[in-house]
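Biologist: Could you take me through some of the charged side chains in this one?
Modeller: Gladly; here it is.

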Amino acid sequence: MSISPDDAAEVVEEIVTDAAEPPRERLLIALDVDGTILLEDETYSPGVVEAVADAQRAGHEVMLATGRSWESTRHILEQLALNPEYVVCSNGAVILKRTGSGESPTYERFHTEQFDATEVLTLLRDHLPSARYMVELPSGRRLFTHHMDDWSLSQADRVAFEELSAHPVSRVVVVSEENTDEDFVDLVSRIGLNKVSYAVGWSAWLDIAPQGVDKATGLELVRTWLDIAAESVVVIGDGRNDIGMFRWARAHGGRAIAMAQGPDEVRSEASELTASVTEGGVTAVLKAL
């Protein structure tokens, strides 16, 4: 088959152009959930669903790194049509791995951390006797003392306080409607929680994990398993439980992006700021990649 000189020139030009374009860097993009992709009323930040889809199509590994348990995270993956290889839940204490393929992949608990919560529960109850307590077991089952508004209690059982520490746990959650987040920050500094990791939520709740465990430790495991360069990490969040992953990303040359509405101490740990969740901050970041 013969080809004209003009056609041959066009083919050669296309080959040269394609070869001159460097391959797009594959990024590991870890998104916090509440206050980052979700508003307080559980609706999605403007444009984020489409922006996540575009980032996935571009070949990036987009995943969630959340303080939520798996039970309250799985439906978010479905609504985002997101199917990452791993999901970091419970502030890094639990990592899920994808086991199925297709539009509705399944996930299994792949890595869990645990600790004996007896001492910390006793200490907290002495100072917060009227608070509501919940623990998450390594199996995913959760135990709680009283109903908690705004918390999913599926796969959870109500028990006496003493039963919370009957077995090792992956996390402890404390909710006190009588206290503010500033009260919790002050309480933690006064009583000392030296054998655990903790994060104070944007509302009156305290999240406690095994010592040295946070979103950063979970994401570092994921990054290693996926063999993605440390400098190719992008993390986005808005809360105090995101500070660890901000520091981790920055320390290794990655990007740590805080939402505009986050507390001062959170924004100061980021390398960049984006717009608030109501203004589509995550969408702006993803579209600029």
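Modeller: The side chain of Glu61 reaches the backbone nitrogen of Glu85 at 2.8 Å, a polar contact, meaning a pair of N or O atoms within 3.5 Å in which, within protein, one can donate a hydrogen and the other accept it, while residues adjacent in sequence count only if both atoms are side-chain atoms. This is a predicted model, where local features need pLDDT of at least 70 and side-chain atom pairs pLDDT 80 or more, while totals for chains, interfaces and linings use all residues. Residues are numbered from 1 along each chain as its sequence is written, and side-chain values use heavy atoms, without hydrogens and water.

Biologist: Is Glu61 buried or exposed?
Modeller: Glu61 is buried, at a relative accessible area of 11%; buried means under 20%, exposed over 50% and partly exposed in between, with a 1.4 Å probe and protein chains only.

Biologist: And what does Glu85 form a salt bridge with?
Modeller: Its partner is Arg98, with the closest N and O atoms 2.9 Å apart, a salt bridge being a side-chain nitrogen of Lys or Arg within 4 Å of a carboxyl oxygen of Asp or Glu. Arg98 itself is partly exposed, at 26% relative accessibility.

Biologist: Changing topic, which side chain meets Arg171 in a salt bridge?
Modeller: That is Asp207, at 2.3 Å from N to O, and both Arg171 and Asp207 are buried. Salt bridges with shared partners also join these two with Arg109 and Glu136 into one network.

Biologist: How many salt bridges does the structure hold?
Modeller: The structure holds 21.
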